[in-house]
Amino acid sequence: MQTSYLDSIKKQIAYYKSLGDKTFDQLTQEELFFQYNQKSNSIAVIAKHIAGNMLSRWTKFFTEDGEKLWRNRDDEFVNTFKTKEEMIAYWEKGWNCFLNTINSLKEADLEKIIYIRNQGHTVTEAINRQICHYPYHIGQIVFLGKMLQNENWKSLSIPKNASKNYNKEKFSEEKSRKHFTEDL
């Protein structure tokens, strides 16, 4: 059961990362840095926050609190990137930290206790906490990207008015046990 959980989580994580990556691919540097108003965040800022959170949570995961003393969360909401490439490099740094930790986990690790702001979590609970947090923000990235691209947006899922054909194709296949991301 637990191996199935870890395998599923790894696929789920890769899927959400790909949604961010595919959104970035569709946008210009100007669009990534676009901020609707003073209170809103640009895509670049959201990506910076996700990566900053990942670096804090997943660095020295078993031996240090997930809220590192060196983390400046408030600064994550200020765009300091000069280029799209710089933003993507930081995004990748955060994901690499997260993925390296997740890929190193064994079934026996899942019930170990780690801390985030002095609150104890099993490793499973910590993963679940973050697998809810990151997709929340990735949804914001995708939504903003879709708005910015408008008619030029390339759908990352089943496009509008294509559900009937998609379902017809799916139901024409034999029933099988697989993760939904395997078809993407």
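This is a short conversation about how to read a few features of the predicted model above.

Reader: Before we start, what should I know about this model?

Author: It's a predicted model, where local features need pLDDT of at least 70, side-chain atom pairs count only at pLDDT 80 or more, and totals for chains, interfaces and linings use all residues. Residues are numbered from 1 along each chain as its sequence is written, and side-chain values use heavy atoms, with hydrogens and water left out.

Reader: How many helices and strands are there in the protein chain?

Author: Helices (H or I, at least four residues) and strands (E, at least two) are DSSP runs, numbered from the N terminus. Here the protein chain has six helices and two strands. Reading from the N terminus on, the order is α-α-α-α-β-β-α-α. Along its principal axes, the C-alpha trace spans about 50 × 45 × 25 Å.

Reader: What share of the residues in the protein chain is buried?

Author: First, the cut-offs: buried is under 20% relative accessible area, exposed is over 50%, and partly exposed is in between (1.4 Å probe, protein chains only). Of the 184 residues in the protein chain, 41% are buried.

Reader: And how do I read contacts?

Author: A contact means heavy atoms within 4.5 Å. Take the contacts in the protein chain with a separation of 6 or more: residues 24 or more positions apart account for 73% of them.

Reader: Let's try one residue. Where is histidine 137, and is it buried or exposed?

Author: Histidine 137 sits in helix 5, which covers residues 123-149. Its relative accessible area is 10%, so it counts as buried. Leaving aside neighbours within four places in sequence, histidine 137 is in contact with Ile46, His49 and Ile50.

Reader: Which side chain makes a polar contact with the side chain of histidine 137?

Author: A polar contact is a pair of N or O atoms within 3.5 Å; within protein, one must be able to donate a hydrogen and the other to accept it, and residues adjacent in sequence count only if both atoms are side-chain atoms. For the side chain of histidine 137, the partner is the side chain of histidine 133, at 3.1 Å.

Reader: Does histidine 133 turn up anywhere else?

Author: Look at asparagine 53, which is in helix 3. Leaving aside neighbours within four places in sequence, asparagine 53 is in contact with Arg71, Glu76, Gln130, His133 and Tyr134. Asparagine 53 has a relative accessible area of 2%, so it is buried.

Reader: How do I describe two helices that pack, and at what angle do helix 3 and helix 5 pack?

Author: Two packed helices are described by the angle between their axes and the distance between the axes. The axes are lines fitted to C-alpha atoms, for helices over the stretch in contact, and angles run from 0 to 180 degrees between N-to-C directions. Helix 3 (residues 43-58) and helix 5 pack at about 165°, with their axes 10 Å apart. That makes helix 3 roughly antiparallel to helix 5; angles under 35 degrees count as roughly parallel, over 145 as roughly antiparallel, 65 to 115 as roughly perpendicular and the rest as oblique. By class, their contact has 13 nonpolar, seven polar and two charged residues. For those classes, Ala, Val, Leu, Ile, Met, Phe, Trp, Tyr, Cys and Pro count as nonpolar, Asp, Glu, Lys and Arg as charged, and the others, Gly among them, as polar.

Reader: Which residues of helix 4 meet helix 5?

Author: Helix 4 (residues 84-104) and helix 5 pack at an angle of about 155°, with their axes 13 Å apart. The two helices are therefore roughly antiparallel to each other. From helix 4, Trp91, Trp95, Phe98 and Ile102 meet Ile127, Tyr134, Ile138 and Ile141 in helix 5. By class, that contact has eight nonpolar, no polar and no charged residues.

Reader: What is phi of lysine 60 and of asparagine 150?

Author: Lysine 60 has a positive phi of about 50° although it is not a glycine. Lysine 60 lies in the loop between helix 3 and helix 4, and at 52% relative accessibility it counts as exposed. Asparagine 150 also isn't a glycine, and its phi is positive, near 50°. Asparagine 150 is in the loop between helix 5 and helix 6 (163-171), and at 54% relative accessibility it counts as exposed.

Reader: One last case: where is glutamine 119, and what does it touch?

Author: Glutamine 119 is in strand 2 (residues 119-122). At 48% relative accessibility, glutamine 119 counts as partly exposed. Not counting residues up to four places away in sequence, glutamine 119 touches Ile114 and Arg129.
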